[in-house]
Each structure stands twice: as structure tokens, then as C-alpha cells.
Amino acid sequence: MKRVLITGKNSYVGNSFADWVKDDTNFKIDKISLRDDTWKEHDFSVYDVVLHVAGIAHVSTDPKMEDLYYKVNRDLTIEVAEKAKSNGITQFIFMSSIIVYGDKIERGMITENTVPNPANFYGKSKLEAETGILPLQDNNFYVAIVRPPMIYGKNSKGNYPKLVKLAKISPIFPDIENQRSMLHIDNLSEFIKLLIIDDDKGYFFPQNREYVKTSEMVRLIGEINGKKVKLIKIFNPFIKPFITNVNVLNKVFGNLYYKRSLTAIGNYQVKDLKETIAATEGRN
């Protein structure tokens with residue numbers, strides 16, 4: 001049996017993973033809050049794995065938030081990892097992000113040679129957390145760093161709900177070719193499960209089996225919700241020249257995807273794109 005301590009009682013990823021394995025007798029899950037210093041008195045030695053998902057999850061451009069991002073996403077991560085090691089934990093899993101690569105990626109494809117270059121303090125805080133915990137790794141303490149792309153699923157936050165809103169209110173949507181890596185929460189939960197079973201360490205880049213074309217995703221969301229969204233190319237000449245330099249357009253229509261050879265362990269992609277959208281929208 002794998003005894004797993006999840007840091008972050010309100011984490012979407014942590015709670016989803018706990019729910020994913022709740023009936024699996026090979027796992028025993030506990031959760032702990034890091035909102036105050038009481039976690040420092042908690043005995044980690046009874047666990048095999050720490051799944052560290054606590055942190056500030058979404059990007060803010062408010063300079064007043066910068067210190068908090070570093071305090072929570074970097075400093076707290078390192079503190080927890082140090083305690084995990086000193087308490088005899090075998091594996092420490094850190095949920096980082098694709099955002100560590102920034103937004104100036106040639107052709108939008110991330111390969112094994114792509115150097116992280118975060119564009120904001122959210123990405124920088126995640127990257128500095130990675131570099132802070134890696135030196136702790138040895139033959140008895142494995143560090144696994146997961147850099148997922150955009151995570152979506154039922155009750156998720158972030159950009160996916162914005163696409164849902166567009167799909168429900170707009171009868172048309174620009175038909176622009178692009179490729180984005182995305183990751184449904186069920187696929188991520190299965191990935192984490194396999195990561196723990198295999199006692200793996202290193203960097204990991206899980207993603208859905210298919211790359212996502214944003215316009216096709218909007219069309220599918222509309223279809224699953226009983227609404228027809230027509231994809232049109234008439235606006236493409238007015239949108240394409242600005243995709244690279246306009247942040248909101250880049251997030252929607254730009255390319256950002258992992259080279260397939262980076263995709264890691266086992267058969268964790270348990271749902272295809274249409275199945276993930278149906279599950280997210282509460283449809284069978």
C-alpha cells in the first residue's frame with residue numbers, strides 16, 4: 001500500500017486525485033493544510049509519498065502579489081520538501097506548470113531542448129521551486145517534477161470556463177489552425193497514480209493524447225451542450241497578424257504544445273478529447 005500525504009486541502013488537483021483512487025486499496029490518502037505553521041508539527045514519517053499541490057495556482061499581474069507568489073510557490077515548496085526528506089519520505093511529487101517555459105517559444109513546440117524562460121513571477125516562482133528541491137534528491141529521496149499544460153475538468157477554473165461561456169453564447173467562432181497541449185483532470189489523476197506506483201523521479205510532461213485546436217474544442221463544447229457553433233475563417237486575416245503579440249489572442253489561438261516524445265509513463269490517457277469534454281460538462 002502507498003501512503004500518500006497531499007499538501008493543500010482545497011487543491012483541485014489534490015482533491016481530484018484523492019477521489020480518483022478512493023476505492024483503490026493500494027492507496028491510503030491523507031490531506032494537510034499549509035495555511036499556517038501547524039503542518040510543521042505533523043509527522044510525515046508514516047507516509048511513503050508527499051504530493052505537493054499547495055500553491056497559488058493562477059497568474060496575477062498585480063505587483064503587490066509578487067512576494068506572496070515567491071513565499072508560497074517557492075519557499076513553502078522547499079520547506080515542505082526538506083521536511084519530507086528529513087522525515088524519511090521516499091518520493092516527493094511537485095506540481096509545477098508548463099508556464100515555466102514562458103510565452104516566447106519558437107513555433108510553440110516544447111522539446112527536450114527548450115530552456116525554461118518564464119514571463120511572469122508565477123512562472124518564475126514555480127521554476128525557482130524546482131531548482132530549490134532538486135538538490136535534495138538522493139538514492140533514498142526521489143523528486144518528481146510535473147509540468148502539466150492547461151488542466152481542465154468539472155468545476156475547474158482558469159481558461160476552460162471562458163471557452164465554455166463563448167461556446168454557449170456565440171453562434172460563430174474563428175476557425176484558426178493551432179495546436180495546444182491540454183490535460184483533463186482524470187488523465188492527470190491516472191498519471192499521478194502511475195507515477196506513485198512506479199516510484200518515478202525526474203521531469204514529467206503529461207498531456208492528453210490529442211493536441212487541441214481551440215476552435216474545434218469550442219465547437220465540441222457547444223455540441224455537447226446542444227448548441228451549434230459555426231467555425232468561420234472570415235476574421236482570420238484580422239486575427240492572425242496579432243496572435244504572437246497580443247496576450248489574450250496568443251492564449252486562445254497561439255501554439256503551445258509538448259513534443260509527443262516528451263509524454264511520459266504508461267497508459268494514463270484514459271479519456272479522449274470528446275470524452276473529457278462530456279465528462280467536464282456533466283454529460284455521459
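Tutor: Helices here are DSSP runs of H or I with at least four residues, and strands are E runs of at least two, numbered from the N terminus. This is a predicted model, where local features need pLDDT of at least 70, side-chain atom pairs count only at pLDDT 80 or more, and totals for chains, interfaces and linings use all residues. Residues are numbered from 1 along each chain as its sequence is written, and side-chain values use heavy atoms, without hydrogens or water.

Student: Which residue just after α2 takes a positive phi?

Tutor: Look just past the end of α2. The phi there is about 85°, and the residue is Gly88.

Student: How far apart are the end C-alpha atoms of helix α2?

Tutor: The expected span is 1.5 Å times one less than the number of residues. For the 21 residues of α2 (residues 66-86) that gives 30 Å, which agrees with the distance in the model, 29 Å.

Student: And where does α2 bend?

Tutor: The bend is the angle between axes fitted to the seven residues ending at a residue and the seven starting there. In α2 this angle is about 30°, at Leu76.

Student: Which element supplies the largest share of the largest nonpolar core?

Tutor: Such a core joins buried (under 20% relative accessible area, 1.4 Å probe, protein chains only) Ala, Val, Leu, Ile, Met, Phe, Trp, Tyr and Cys residues through side-chain atoms within 4.5 Å. The largest one has 28 residues, with Phe44 and Val80 among those with the most contacts inside it. At least two residues each come from α2, β4, α3 and β6 (142-146). The largest share, eight residues, comes from α2.

Key. Buried < 20%, exposed > 50% of the residue type's maximum accessible area, 1.4 Å probe, protein only.
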